[in-house]
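Dear colleague,

Please find the structure below, handed over for your files. My notes on it follow.

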Amino acid sequence: MQRIIFLTAVICLCAGGALAQTDNLLITEYVEGSGNNMALEIFNGTEDLINLGDYSIDRYSNGSTDPVNIPLTTGDLEPGDTWVIVNPQADSALLELADQTDDNLNFSGDDALVLVFNGTQVVDSFGQVGVDPGDYWSCDEGNTQNHTLRRLSSICTGDTDIYDEFDPCLEYSFFPIDVFTGLGYHMADCGAVATDHTTWGTLKANFR
Ligand SMILES: [Ca+2]
Ligand SMILES: [Ca+2]
Ligand SMILES: [Ca+2]
């Protein structure tokens with residue numbers, strides 16, 4: 001009996017660590033570094049394969065309400081895996097981590113970024129559309145310029161209100177300029193979801 005209880009506990013722990021579920025894709029890292037070192041990381045915390053071709057990023061520069069659209073490359077993103085988009089003029093250390101490059105991935109700290117599904121449905125957002133905050137959005141821990149911001153693991157749902165006030169401290173932790181070490185993996189702590197298969201993405205998400 002003891003043994004059965006122990007085994008059950010181990011199995012539950014494994015299932016809990018296998019994959020944590022978010023309700024859709026999330027923006028999980030933002031790099032606004034030196035020069036053209038700009039990157040975004042998108043994370044699939046769901047238990048399903050997601051076709052990235054159904055998603056894109058709308059960039060609203062300097063308080064604009066007229067977006068520049070950046071389509072994501074068509075292809076399946078595994079559960080637990082990430083997709084890193086980088087400006088093609090970035091330093092090689094950042095380009096090495098890119099899954100996709102796009103000239104329009106170009107922001108300076110005061111630009112809102114919105115992840116959309118099928119061109120219209122807001123899935124997640126960064127910043128506040130229609131508002132130019134000056135040079136950046138800021139809070140006690142830092143600001144959105146010359147920093148790397150990493151989404152907190154407790155965030156399981158995207159910010160779908162693109163017009164409300166943006167406080168980056170509520171959902172992000174801050175790292176110094178040109179920190180790229182968090183790109184390419186993410187861990188979300190969103191409750192246990194059993195999964196029948198382990199992917200490289202989930203292994204990376206769980207063990208790094
Ligand atoms: Ca700008
Ligand atoms: Ca918002
Ligand atoms: Ca990351």
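Which protein donors hold the calcium ion (ligand 1), and how far from it do they lie? They are Asn62 (OD1), Ser108 (OG), Asp110 (OD), Asp111 (OD) and Asp111 (OD), at 2.3 to 2.6 Å; donors are N, O and S atoms within 2.8 Å of the metal (3.2 Å for Na, K and Ca), and water is not among the atoms, so sites may look incomplete.

Please note that this is a predicted model, in which local features need pLDDT of at least 70 and side-chain atom pairs count only at pLDDT 80 or more, while totals for chains, interfaces and linings use all residues. Residues are numbered from 1 along each chain as its sequence is written, chains are lettered from A and ligands numbered from 1 in the order in which they are written, and side-chain values use heavy atoms, with hydrogens and water left out.

Along the chain, the ligand 1 donors have the spacing N-x45-S-x1-D-D. Aspartate 111 is buried at 2% relative accessible area, whereas serine 108 is partly exposed at 31% (buried is under 20%, exposed over 50%, partly exposed in between; 1.4 Å probe, protein chains only).

The calcium ion (ligand 2) has the protein donors Asp159 (OD), Asp159 (OD), Asp161 (O) and Asp164 (OD), 2.3 to 2.4 Å away, with the spacing D-x1-D-x2-D. Aspartate 161 is partly exposed at 36%, as is aspartate 164 at 32%.

Arginine 151 is buried, at 3%. Its contacts (heavy atoms within 4.5 Å), not counting residues up to four places away in sequence, include Asp124 and the ligand 2 donor Asp159.

Kind regards
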